[in-house]
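I sat down with this one to see how its protein copies and its DNA strands fit together. My notes follow.

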There are 2 protein chains.
Amino acid sequence: MRLSDGVEWAIHCCTVLAALPAGQALPAAKLAEFHGVPPAYLAKHLQAITGAGITESLPGPRGGYRLARPPAEISLLQVVLAVDGDDAAFRCSEIRQRGPVAGPPDTYRRPCGIARAMWRAEDAWRAELASTSIGDMVDEVLNNVPADQLDKATAWISQVDITRRNRK
Amino acid sequence: MRLSDGVEWAIHCCTVLAALPAGQALPAAKLAEFHGVPPAYLAKHLQAITGAGITESLPGPRGGYRLARPPAEISLLQVVLAVDGDDAAFRCSEIRQRGPVAGPPDTYRRPCGIARAMWRAEDAWRAELASTSIGDMVDEVLNNVPADQLDKATAWISQVDITRRNRK
DNA sequence: GTCCCTATACTCGGATAGCAAGTGTCCGAGTATAGGCGG
DNA sequence: CCGCCTATACTCGGACACTTGCTATCCGAGTATAGGGAC
């Protein structure tokens, strides 16, 4: 079982976007450079979270991505599902119906106990991710990252020409 | 994120093995036929859980696989990790250290909050799987599967020559 | 009749191809901007 | 001097190759068995 690398990138990007002044956008290329990841591939994932309504995109010069909602209202689960897909990790292929001792289809109305147990575990995973927001991630950064590091990052982002990047 | 199909097969096989008389073994080919899955591929996964000490194998005629421990002492988590590998689904690639604003390596002694949040969710997933055992799966089958279905399955397994299949 | 030996058949185990999904990249469509031109 | 228009450059968006890991398979090593033969 493996989670796409894009999940990590997307969450980091959302955290950075959440730390920007309200309404300000940042291009995908800058986000990629900031994190040291391939720009074209990161763009793919930014499109995914934009399609899910987590971020919104502004085309044209001075455009970019910005959060579509307050950071506290974006859960990690929403980002993960947007990037990685909302399919369950465990997929019941109903092998109980495939053997020589299989009964009539009507016998298998309810999912088998194994699938229910696996899905229950996934529900616990989702619940934990749903209870954590991008806002929590921002708070964690502000509390644990040294001040000089924060200043350094802020300065780098400011070097991007933002004169009018926070348009309607 | 996707879990290997072998996980489902392995748990079903363990459940069947748990329902056998104590000490009795069943060949991989019969387990595959019972579940309607490719024999050679199922064998691969049975090797995995055998290597993890969940099942044990008996070579030669009248051999096969059987549980190495009581069903109640085998958690679903152990089976899942044996088949799918014990790597975490979320892998932190430390992109916070890769940008132009990265600080000295000593700054990043502790894992970042994003990785911690993701791993916390995985811990919840593992805890749920660890609290469910193969014995629970057997109980669920005995309680929810119609009696005639159980008889049918038992009869099919008995058709396998078991005269001396439960050896030392 | 009992014991031993040998040939057999059955089992697991690891090494080997095939394929799908994730990974990585590129170029085209669309838009706000900035400068120049006319009034 | 002010307003409009056009060309520009920058942005996102979807379509196109490549690689890793899961899927699927096969053949060889090892063993308990079953039968036959000798004592």
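**Around DNA strand C**

I began with DNA strand C and found 23 residues surrounding it, the closest being Ser4(A), Pro38(A), Ser57(B), Gly60(B) and Tyr65(B). I called a residue near a strand if one of its heavy atoms lay within 4 Å of it.

A note to self on ground rules: this is a predicted model, where local features need pLDDT of at least 70 and side-chain atom pairs count only at pLDDT 80 or more, while totals for chains, interfaces and linings use all residues. Residues are numbered from 1 along each chain as its sequence is written, chains are lettered from A and ligands numbered from 1 in the order in which they are written, and side-chain values use heavy atoms, with hydrogens and water left out.

Next I checked which part of strand C faces the protein. Of its atoms within 4 Å of the protein, 62% belong to sugar or phosphate and the rest to bases.

Then I looked up polar contacts (pairs of N or O atoms within 3.5 Å; within protein, one must be able to donate a hydrogen and the other to accept it, and residues adjacent in sequence count only if both atoms are side-chain atoms). The side chain of Tyr65(B) has an N or O atom 3.0 Å from a phosphate oxygen of DNA strand C. For the side chain of Tyr41(A), the distance to a phosphate oxygen of this strand is 3.1 Å. Gln47(B) goes to a base instead: a polar side-chain atom lies 3.3 Å from a base nitrogen of DNA strand C.

**Around DNA strand D**

Which residues come nearest to DNA strand D? Of the 22 around it, they are Ser57(A), Tyr65(A), Ser4(B), Pro38(B) and Tyr41(B). Here 61% of the strand's atoms within 4 Å of the protein belong to sugar or phosphate, and the rest to bases.

I found a side-chain N or O atom of Gln47(A) 3.3 Å from a base nitrogen of DNA strand D. The backbone takes part too: a polar backbone atom of Gly60(A) is 3.1 Å from a sugar or linking oxygen of strand D, and a backbone N or O atom of Asp5(B) lies 3.4 Å from a phosphate oxygen.

**How the copies relate**

I superposed the copies by least squares on the C-alpha atoms of residues with pLDDT of at least 70 in both. A rotation of 180° with 0.0 Å of shift along its axis puts chain A on chain B, at an RMSD of 0.0 Å. The two copies are therefore related as by a two-fold rotation axis. In chain A, Trp125(A) has the C-alpha nearest that axis, 2.5 Å away.
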